[in-house]
Amino acid sequence: DSSHPSSHPPPATDGAAGANATDNANASLVNGKMQDGNMENSQNKAKQQDGAAAMEMQPLKSAEGGEGDDKDKKKSNMHKKEKSVLQGKLTKLAVQIGKAGLVMSAITVIILVLYFAIDTFVVNKKQWLPECTPVYVQYFVKFFIIGVTVLVVAVPEGLPLAVTISLAYSVKKMMRDNNLVRHLDACETMGNATAICSDKTGTLTTNRMTVVQAYVGDVHYKEIPDPDSIPAKTMELLVNAIAINSAYTTKILPPEKEGGLPRQVGNKTECGLLGFVLDLKQDYEPVRSLIPEEKLYKVYTFNSVRKSMSTVIKMPDGSFRMYSKGASEIVLKKCSRILNAAGEPRIFRPRDRDEMVKKVIEPMACDGLRTICVAFRDFPSSPEPDWDNENDILSDLTCICVVGIEDPVRPEVPEAIRKCQRAGITVRMVTGDNINTARAIAIKCGIIHPGEDFLCLEGKEFNRRIRNEKGEIEQERIDKIWPKLRVLARSSPTDKHTLVKGIIDSTQVEQRQVVAVTGDGTNDGPALKKADVGFAMGIAGTDVAKEASDIILTDDNFTSIVKAVMWGRNVYDSISKFLQFQLTVNVVAVIVAFTGACITQVS
């Protein structure tokens with residue numbers, strides 16, 4: 001059983017793997033009914049093990065095509081459905097023109113035949129003699145040929161070529177705008193886009209933790225402080241505390257490409273702190289080389305109970321110093337002093353702490369920042385402290401500073417989103433982040449504006465609203481939600497897929513919604529595949545995301561999406577110009593051929 005692809009439901013974080021597992025399961029059904037019972041067992045087992053995850057994966061299963069025989073039918077349907085919007089419209093047009101041409105040519109033939117018959121047999125009263133039959137047949141063949149001529153003239157044979165040329169041209173131009181198009185028709189589908197569902201981390205934001213605010217020496221700096229404004233003592237403590245009290249595997253390396261951003265290796269939050277040291281024109285490497293990892297006296301690693309990490313070192317005079325960092329509300333509770341503007345410790349009472357939470361920490365959190373407190377404590381050399389008594393050790397600390405770390409919004413995003421909204425495209429954010437951060441970032445990006453009527457939902461709530469009592473997804477329920485939904489937080493890959501599918505299948509609006517999805521992670525795979533156009537990030541994106549996508553943004557820049565829409569609409573303009581020219585020619589030709597044939601009997 002365990003070898004069977006579906007015996008354990010895939011974790012909610014990895015949608016692509018989930019889709020594949022279900023696909024394999026379906027494939028195995030086609031291969032032989034022998035595995036049927038096996039599959040049933042494993043499905044039931046899976047459901048018992050983890051009802052929630054099994055339920056999460058349900059919608060994908062139905063979306064990927066049902067059991068055995070259905071699968072082939074679905075396959076043939078898939079190819080029909082895969083036509084892009086423009087191809088659909090043009091095919092319809094070509095069929096209409098074809099029908100019109102056929103009607104015209106049929107009328108032409110009928111008129112010619114009747115005209116000939118009446119003229120010959122009624123007006124001139126000739127008899128149909130058997131020896132004349134070949135001559136008459138020759139006439140009728142001639143009439144038929146004229147009919148075919150009219151039909152040929154009517155059909156715009158240049159249309160597919162014109163479309164392809166204009167697409168190819170746009171693709172070449174899009175390459176200059178950092179859009180690598182993997183599927184030609186994605187280009188013009190983009191011109192039709194009415195909705196973009198975007199991932200947050202790495203797409204709207206840079207996925208680089210950076211310190212943007214700090215509280216040092218009794219001053220709350222809203223941006224990185226000037227190194228000179230910080231006392232030398234405080235600065236030295238701060239650099240040491242950050243350099244020593246973080247994993248030595250965490251580093252900031254020079255950029256791979258010229259003009260790129262420095263590479264962050266290891267824990268992103270620690271990278272943010274190390275970046276803060278570099279922003280203060282200091283360097284953490286000398287400190288680490290002076291006190292290599294093996295010289296650290298004791299390390300209390302970070303865990304979810306402590307919510308902090310501490311490292312003890314032995315000073316040259318034999319005394320000990322401990323550096324701590326962690327979630328600000330936890331570490332501040334253990335602080336009894338704080339460094340003042342001169343770099344000297346002063347008493348830090350509980351009421352000072354409450355004031356600090358209100359004035360510093362809460363405002364930082366409302367800006368969508370993570371707050372981290374850095375502190376230290378000195379111990380005498382004798383008697384040596386009891387290192388195992390953690391509660392005593394982790395108390396009576398001196399706070400050095402509190403920093404606010406953000407995953408910054410890409411600078412070009414707000415403008416790009418404004419352009420999208422002006423062009424009639426709704427941008428929605430779908431993220432795994434918590435709802436407050438997501439809302440803060442959505443406001444920064446301009447996805448939501450205060451005072452508007454919109455919904456911000458968490459994945460759990462979204463699932464509760466769209467499923468009926470049996471836990472099945474209902475389209476009517478999705479239709480009630482999606483028009484107002486702007487932010488979907490704490491969402492699993494399945495939720496992304498469900499939302500995209502729900503918007504595409506919606507019949508609420510007379511024109512079908514055309515949905516683009518942007519993503520960079522493996523978890524965006526199912527949604528990228530389902531969408532009309534999938535955008536993947538070229539630099540930060542995983543290979544899974546790139547494989548599932550239609551267009552790759554080679555510079556990871558959200559603005560390139562606006563460019564893609566522009567070129568997509570350009571394709572439309574080019575084609576409508578071509579149609580105007582082509583149809584003028586065709587209509588005139590058909591009329592000339594028709595009247596000519598009817599009046600002079602030669603075309």
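Select Q213 together with its surroundings in this predicted model: leaving aside neighbours within four places in sequence, Q213 is in contact with H220, Y221, K222, M364, D367, L369, V402, V403 and G404. Q213 itself belongs to strand β3, which covers residues 210–216. Its relative accessible area is 7%, and because that is under the 20% cut-off, Q213 counts as buried. Now restrict the view to the side chains of Q213 and D367, between which there is a polar contact at 3.2 Å.

From β3, step back along the chain to T205, which sits in the loop between α9 (200–204) and β3. Is T205 buried or exposed? Its relative accessibility is 0%, so T205 is classed as buried. With neighbours within four places in sequence again set aside, the residues to display around T205 are K200, D407, P408, V409, R410 and I441, with each of which T205 is in contact. One of these, D407, deserves a distance label, since the side chains of T205 and D407 make a polar contact at 3.1 Å.

Next, select residues 232–244 and residues 268–279, which are helices α10 and α11, and look at how they pack: the angle is about 150° and the axes lie 10 Å apart. The crossing of these two helices, α10 and α11, is left-handed. To see the contact in detail, show the side chains of L238, V239, I242 and A243 in α10, which meet L273, L274, F276 and V277 in α11. Coloured by residue class, the contact of α10 with α11 consists of eight nonpolar residues, with no polar and no charged ones.

Move then to helix α23, residues 559–600, and place a distance between the C-alpha atoms at its two ends. How far apart are the end C-alpha atoms of α23? They are 61 Å apart, and this agrees with the 62 Å that the 42 residues should span at 1.5 Å a residue, because the expected span is 1.5 Å times one less than the number of residues. Just after α23 comes Q601, where a backbone torsion is worth displaying: Q601 takes a positive phi of about 65°.

Finally, zoom out to the whole protein chain, in which there are 23 helices and 19 strands. Colouring by accessibility will show that buried residues make up 47% of the 603 residues. A contact map of the chain completes the tour: among contacts with a separation of 6 or more, 70% are between residues 24 or more positions apart.

Technical notes
Residues are numbered from 1 along each chain as its sequence is written. This is a predicted model: local features need pLDDT of at least 70, side-chain atom pairs count only at pLDDT 80 or more; totals for chains, interfaces and linings use all residues. Side-chain values use heavy atoms; hydrogens and water are left out. Helices (H or I, at least four residues) and strands (E, at least two) are DSSP runs, numbered from the N terminus. Buried means under 20% relative accessible area, exposed over 50%, partly exposed in between (1.4 Å probe, protein chains only). A polar contact is a pair of N or O atoms within 3.5 Å; within protein, one must be able to donate a hydrogen and the other to accept it, and residues adjacent in sequence count only if both atoms are side-chain atoms. Contact means heavy atoms within 4.5 Å. Axes are lines fitted to C-alpha atoms, for helices over the stretch in contact, and angles run from 0 to 180 degrees between N-to-C directions. A crossing is left-handed if the near helix is turned anticlockwise from the far one by less than a right angle, and right-handed if clockwise. Ala, Val, Leu, Ile, Met, Phe, Trp, Tyr, Cys and Pro count as nonpolar, Asp, Glu, Lys and Arg as charged, and the others, Gly among them, as polar.
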